[in-house]
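Please open the structure in a viewer and keep the selection tool at hand. The stops below are meant to be followed in order.

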Amino acid sequence: MSTFAKRERLLLADLLEAEGPDAPTLCEGWLTRDLAAHVVVRERRPDAAGGLLIKQLASRLDRVMTEFSEKPYEELIQLIRTGPPRFSPFQLKQVEELSNTVEFYVHTEDVRRARPDWAPRELDSVFQDALWSRLERTARLMGRGVPTGLVLRRPDGQTAVAHRGTPVVTVTGEPSELLLFLYGRQSAAKVELDGDKEAIAKLHEAKELGI
């Protein structure tokens with residue numbers, strides 16, 4: 001496993017364990033039990049996980065998610081902590097790095113930021129750069145459906161275009177916060193928005209951000 005993916009995996013497992021199965025998350029309609037089941041199904045049931053992207057498989061995903069959410073919570077946490085099965089593509093270091101670093105970071109924040117007393121984590125510059133690299137590669141995919149032009153900007157001035165169009169809204173923040181915004185966690189992301197007021201309001205309410 002990569003250093004970042006492994007670290008974020010263990011942080012997520014520890015946090016889910018500490019919060020228990022019935023804590024809130026930023027994922028609409030999901031408690032921590034549901035989030036844990038999602039993580040396990042994504043890694044261990046590729047036959048169902050395709051429902052995250054393919055509408056025709058959504059009903060199968062729902063059935064498998066229900067099945068896993070009914071498992072003992074402690075079992076789900078252990079499955080997250082120990083990682084994917086032996087012959088899973090997630091066992092490949094490059095796949096793990098590309099697929100799970102952001103996934104686990106975002107879901108950790110889904111749990112952390114659902115609490116009223118949360119505060120941003122202090123993340124080192126190397127990790128921020130790694131998140132920025134992933135954001136640059138996925139920005140246009142994640143922002144393809146938004147109703148405005150969308151530019152993402154780091155405090156040092158680096159930018160990534162998530163959606164071409166007018167009027168343009170520029171969202172400024174650390175890569176970790178921009179990722180949360182781009183993944184549909186607008187209300188919880190510590191960012192600054194600049195642009196047309198109506199466009200900003202639309203962007204805050206947009207359901208099209210994310211996959």
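The tour goes from a sheet and its helices to a polar site and then to aromatic rings.

This is a predicted model, in which local features need pLDDT of at least 70 and side-chain atom pairs count only at pLDDT 80 or more, while totals for chains, interfaces and linings use all residues. Residues are numbered from 1 along each chain as its sequence is written, and side-chain values use heavy atoms, with hydrogens and water left out.

**The sheet**

Select the 4 strands that form an open sheet in the order E2-E1-E3-E4, with mixed pairing. Strands (E, at least two residues) and helices (H or I, at least four) are DSSP runs numbered from the N terminus, and two strands pair if DSSP finds at least two bridges between them. At the edges are strand E2 (159-163) and strand E4 (192-195), each of which pairs on one side only. Direction ignored, neighbouring strands of this sheet are turned by 25° against each other on average.

Next, display strand E1 (residues 149-153) together with E3; the two run parallel and are joined by 5 bridges. Val-151 has Thr-170 as its bridge partner in E3.

Centre the view on Thr-170, in strand E3 (residues 168-172). Is Thr-170 buried or exposed? Its relative accessible area is 13%, so Thr-170 is buried; the cut-offs are under 20% for buried and over 50% for exposed, with partly exposed in between (1.4 Å probe, protein chains only). Leaving aside neighbours within four places in sequence, Thr-170 is in contact (heavy atoms within 4.5 Å) with Val-151, Arg-153, Glu-192, Leu-193 and Asp-194.

**Helices on the sheet**

Add helix H7 (residues 125-142), which lies across E1 and E2 and runs at about 30° to E2. Then add helix H8 (residues 175-182), which packs on the sheet and touches E1, E2, E3 and E4, its direction making about 155° with that of E1. For these angles, axes are lines fitted to C-alpha atoms, for helices over the stretch in contact, and values run from 0 to 180 degrees between N-to-C directions.

**Asn-100**

Move to Asn-100 in helix H6 (residues 93-112). Asn-100 counts as buried because its relative accessibility is 0%. Show Ala-5 as well: 95 residues apart along the chain, the two have C-alpha atoms separated by 5.7 Å. Side chain to side chain, Asn-100 makes a polar contact with Glu-43 (3.2 Å) and another with Glu-96 (2.6 Å). A polar contact is a pair of N or O atoms within 3.5 Å; within protein, one must be able to donate a hydrogen and the other to accept it, and residues adjacent in sequence count only if both atoms are side-chain atoms.

**Aromatic rings**

Which residues form one aromatic cluster? Select Phe-4, Tyr-105 and Phe-127. Rings of Phe, Tyr and Trp (its six-membered ring) pair if their centres lie within 6.5 Å; planes under 30 degrees apart count as stacked, over 60 as edge-to-face and the rest as tilted.

A search of the whole structure finds 2 aromatic pairs. Phe-4 and Phe-127 form a tilted pair, 4.9 Å centre to centre with 45° between the planes. This pair links helix H1 (residues 3-19) to helix H7 across 123 residues. Both Phe-4 and Phe-127 are buried. Tyr-105 and Phe-127 form an edge-to-face pair, 6.2 Å centre to centre with 75° between the planes. Tyr-105 lies in helix H6 and Phe-127 in helix H7, so this pair ties together parts 22 residues apart in sequence.

Finally, show Arg-7, which lies over the face of Phe-127 at 4.4 Å from the ring centre.

Conventions
A charge sits over a ring if NZ of Lys or CZ of Arg is within 6 Å of the ring centre and within 35 degrees of the ring normal.
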